[in-house]
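Q: Please take a close look at a single part of this structure. I would like to follow one helix and its surroundings, step by step.

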Amino acid sequence: VYMGKTAGRTVAIGIQDFGDLIRKGYFYVDKTDFIREWWESGDSVTLITRPRRFGKTLNMSMIEHFFSLDYAGQGELFEDLAIWKHDEYRRLQGEYPVISLSFANIKEREFRTARKKICQFLANLYVKYSFLRDSEVLTETDRIFFDRILAMDMDDSDASLALYQLSNFLYRYYGKKVIILLDEYDTPMQEAYVDGYWDELVAFTRS
């Protein structure tokens, strides 16, 4: 199914932001029914393995635009697409807290810098959700943990708990389970294998 009511749309190469693609009217192969299929599967964890340039990142952006509170009220992005034919799914648009994290730019030659970059990405997430820090749903102990992540003063234990804790904070704040989207998680693993710090990175990221 092809999006668009007119022929001759521009085929834009390399755009991975769903909202940007739709707003600019570029050619788009409608994959939004994946949202329904995925949601109805009821899986706690979904791993999507496909070759490069297969559209994985664009699909994850599509999922984020559909579910995330950050895009509440932007249902017009989906109006001409398959998912919008289902009334029950229209009601889900913009209704969930979504954490989205990409490891695409972690291409370091040693473990120390790879770990530092991952911790920076985690700290950036906490900056995005810094409004949680002073909310009444957090305890003083939670705030101390929050501050350690913000300051990048985290040991391995803090780093491994950062996503779990953030999703817990968001759940307590919004009263809804959190959707976590992790993209390109294999990129740092590939670099670790090539540059000889595989065991260190696996031990750090496993938890």
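**Helix H6 and its packing**

A: Helices H5 and H6 pack at an angle of about 125°, and their axes are 8 Å apart. The model is a predicted one. Two packed helices are described by exactly these values, the angle between their axes and the distance between the axes. Angles of 65 to 115 degrees count as roughly perpendicular, and those over 145 as roughly antiparallel. H5 and H6 fit neither class, so they are oblique to each other.

Now look at the contact itself. H5 brings Leu122, Ala123, Tyr126 and Val127. H6 brings Phe145, Phe146, Ile149 and Leu150. How do the residues of this contact divide into nonpolar, polar and charged? Eight are nonpolar, none is polar and none is charged.

Next, take H6 on its own. It spans residues 140-150. Its buried residues are Asp142, Arg143, Phe145, Phe146 and Ile149. Why do they lie on the same side of H6? They cover an arc of only 160° around the axis, and therefore share one side. On the other side, Glu140 and Thr141 are exposed.

What covers the buried residues of H6? The cover includes helix H5, residues 111-128, and helix H7, residues 156-174. So H5 appears twice in this picture: it packs against H6, and it is part of the cover over the buried residues of H6.

Finally, go past the end of the helix. Met152 follows H6. Its phi is positive, near 55°.

Methods: Residues are numbered from 1 along each chain as its sequence is written. This is a predicted model: local features need pLDDT of at least 70, side-chain atom pairs count only at pLDDT 80 or more; totals for chains, interfaces and linings use all residues. Side-chain values use heavy atoms; hydrogens and water are left out. Buried means under 20% relative accessible area, exposed over 50%, partly exposed in between (1.4 Å probe, protein chains only). Helices (H or I, at least four residues) and strands (E, at least two) are DSSP runs, numbered from the N terminus. The arc is that of the directions from the helix axis to the C-beta atoms. Contact means heavy atoms within 4.5 Å. Axes are lines fitted to C-alpha atoms, for helices over the stretch in contact, and angles run from 0 to 180 degrees between N-to-C directions. Angles under 35 degrees count as roughly parallel, over 145 as roughly antiparallel, 65 to 115 as roughly perpendicular and the rest as oblique. Ala, Val, Leu, Ile, Met, Phe, Trp, Tyr, Cys and Pro count as nonpolar, Asp, Glu, Lys and Arg as charged, and the others, Gly among them, as polar.
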